[in-house]
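This report goes through a few parts of one protein model, moving between single residues, helix pairs and a sheet. Please keep the structure open while reading.

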Amino acid sequence: MMMKKFMAVMSAAAIATAALTGCGSGSQGGSGGSKEAANVPTEPFGDTIKYDPGVSVNDGKDISIELWEWGSDELFQQVIDGYCAIHPNVSIKLVNNPWEDYWTKLPLALDGSNGPALFNVHNSYHENLINYMAPLEIPLEDLEADFTGVEAHVIDGKVYYIDYGMMTGSVYYNKDMWEAAGLTDADIPKTWDEMREVAKKLTIREGDKLIQAGLNFNDDFHQNYLLGLNYQLGENLFLEDGRTPNVTSDAMKQVMQMLVDMYKVDGVGSENFGEKGPDSFGQGQSAMVIQWGHFYNTLNTTWTDINFGVFEIPTFDGNPYAYNRYNGESTFGINKNAAADQQAVAQDFVKYFLANDEAQVAFNLAMSTFPAKKSLADNEQIMQNPSLSVLAEHIDRYIWPGPMPSTVETSLKTAGQDIFFNGVDIDTALAAAQENIIRDMKSSSFQSVEHLYKYAK
């Protein structure tokens, strides 16, 4: 869905200024290719991590590798083409697998001798992949100099992948509904008390029937509220041991009570008003939702009739410990079981990607993530994306808990559903979630990295 927007971005970014066809083209095949009109960089580029296009790869001898990903063909192909324009002896075959199949097929392929040398990583599958990955050969101090959040990815002094971008939640609001309610930019709320008052003004009812929700958090309250607003109140998601969940904390209970009160007391929405909040917003039935950055692309490709704006998530007191959590979009993994010459090409490709500002900007715009590369924090193209520009001032006040096992999200979602639909009280529902998470994590190696947060208590 985001690829229409991405192609326009790529025209402006012109990764490596290369115009190349056939280099690893096609989602399931194609190798090698011919340059038609390539303006290939000849001078080293990058910040601390520099890429020298004058250094040959594989001694100039022909070599082919595969890069596996799950559905952004144009995005990856542009980077491949830029790299192959510099190194025409390298052929990179792009292999697309649907998300549903990717996480089954990839570990099986990596377990053998014929798996891809490069593969796209998502940190939610960290435990499935890490034992197949080779560490990056870029010095740790260079990675830390150029990118935010690297320290959270260090394992025994080595780094296997990092984040190129950070995604978190912001408030998306319908500008037409906002204006119809008599609201202006001056009414953009900074606190949750102000947010609740604005949501009331945006709510429309005919008798007891809800016609327009002022705020809709159906189906994803666990992601955008329960797993983030606790930080605003000074509570981490995990206790000091880094493994015991903290979902029965006073902060979590306060957040859950606020959600209940917004629907049951304020009446700004209802658990029965549309199954999914973002769909309701896109269909013009809800005035505000909190969504992560990917929603910006969804609105621009799927619900193009919605006149929307974006503002930063409110806080309880204006001076939060952290505004919310974030999650990173990850760089590529390198297959430690691949042949040595293929691994060498893969290492070189990752270095090229990290040094290349145009590639970094294009990937972050395509995914609506805030750049982890420090030098791009005020990039003009990034600041033109409202879902990113609203994060710029406080981006260092967002926290990553680490690659949490999925049970953390699913257990809290179940707790919320029990509260709203089954009449379970908040203490009981959160206690059940706590027990479920502890049970499910017994075999997990997860360790929270919340203590690495810049402002950790």
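## Lys 413

Lys 413 has a relative accessible area of 23% and is therefore partly exposed, since that class lies between the buried limit of 20% and the exposed limit of 50%. The model is a predicted one, and the values below are computed from it. Lys 413 belongs to helix H17.

Not counting residues up to four places away in sequence, Lys 413 touches Asp 219, Phe 221 and His 222. Ala 344 is 69 residues from Lys 413 in sequence, and their C-alpha atoms are 43 Å apart in space.

## Helices H10 and H17

Helix H17 covers residues 407-421 and packs with H10 at an angle of about 40°, the two axes being 12 Å apart. An angle of this kind is neither under 35 degrees nor within 65 to 115, so H10 and H17 are oblique to each other. The crossing of H10 past H17 is right-handed.

On the H10 side the contact is made by Met 252, Met 256, Leu 259, Val 260, Tyr 263 and Lys 264, and on the H17 side by Leu 412, Ile 419 and Phe 420. By class, the residues of this contact are eight nonpolar, no polar and one charged.

## Tyr 263

Tyr 263, one of the H10 residues in that contact, lies in a helix that spans residues 250-264. Is Tyr 263 buried or exposed? Its relative accessibility is 5%, so Tyr 263 counts as buried; the limit for that class is under 20%.

Leaving aside neighbours within four places in sequence, Tyr 263 is in contact with Leu 215, Asn 216, Phe 217 and Asn 218, with Gly 269, Ser 270 and Glu 271, and with Phe 420. Phe 420 is also among the H17 residues that meet H10. From Tyr 263 to Ala 180 the separation is 83 residues in sequence and 22 Å in space, C-alpha to C-alpha.

## The sheet around E10

Three strands make up an open sheet, ordered E17-E10-E19, with antiparallel pairing. E17 and E19 are the edge strands, each pairing on one side only. Strands of a sheet pair through backbone hydrogen bonds, in either a parallel or an antiparallel way.

Strand E10 consists of residues 163-167 and is mostly covered, with five of its five residues buried. Four bridges link E10 to E17 (residues 327-330), and the two strands run antiparallel. E10 is also joined to E19 (residues 370-371), by two bridges and again antiparallel. Which residues stand opposite Gly 165? In E17 the residue is Glu 329, and in E19 it is Pro 371.

## Helix H14 and its contacts

Helix H14 (residues 357-367) packs on the sheet formed by E17, E10 and E19. H14 touches E10 and E19, and its direction makes about 30° with that of E10.

H14 also has a helix partner, H2 (residues 73-86): their axes come within 11 Å and cross at roughly 180°. Angles over 145 degrees count as roughly antiparallel, so H2 is roughly antiparallel to H14. From H2, the residues Leu 75, Phe 76 and Val 79 meet Ala 359, Ala 362, Phe 363, Ala 366 and Met 367 of H14. The contact of H2 with H14 divides into eight nonpolar, no polar and no charged residues.

Note on methods:
Residues are numbered from 1 along each chain as its sequence is written. This is a predicted model: local features need pLDDT of at least 70, side-chain atom pairs count only at pLDDT 80 or more; totals for chains, interfaces and linings use all residues. Side-chain values use heavy atoms; hydrogens and water are left out. Buried means under 20% relative accessible area, exposed over 50%, partly exposed in between (1.4 Å probe, protein chains only). Contact means heavy atoms within 4.5 Å. Two strands pair if DSSP finds at least two bridges between them. Axes are lines fitted to C-alpha atoms, for helices over the stretch in contact, and angles run from 0 to 180 degrees between N-to-C directions. A crossing is left-handed if the near helix is turned anticlockwise from the far one by less than a right angle, and right-handed if clockwise. Ala, Val, Leu, Ile, Met, Phe, Trp, Tyr, Cys and Pro count as nonpolar, Asp, Glu, Lys and Arg as charged, and the others, Gly among them, as polar.
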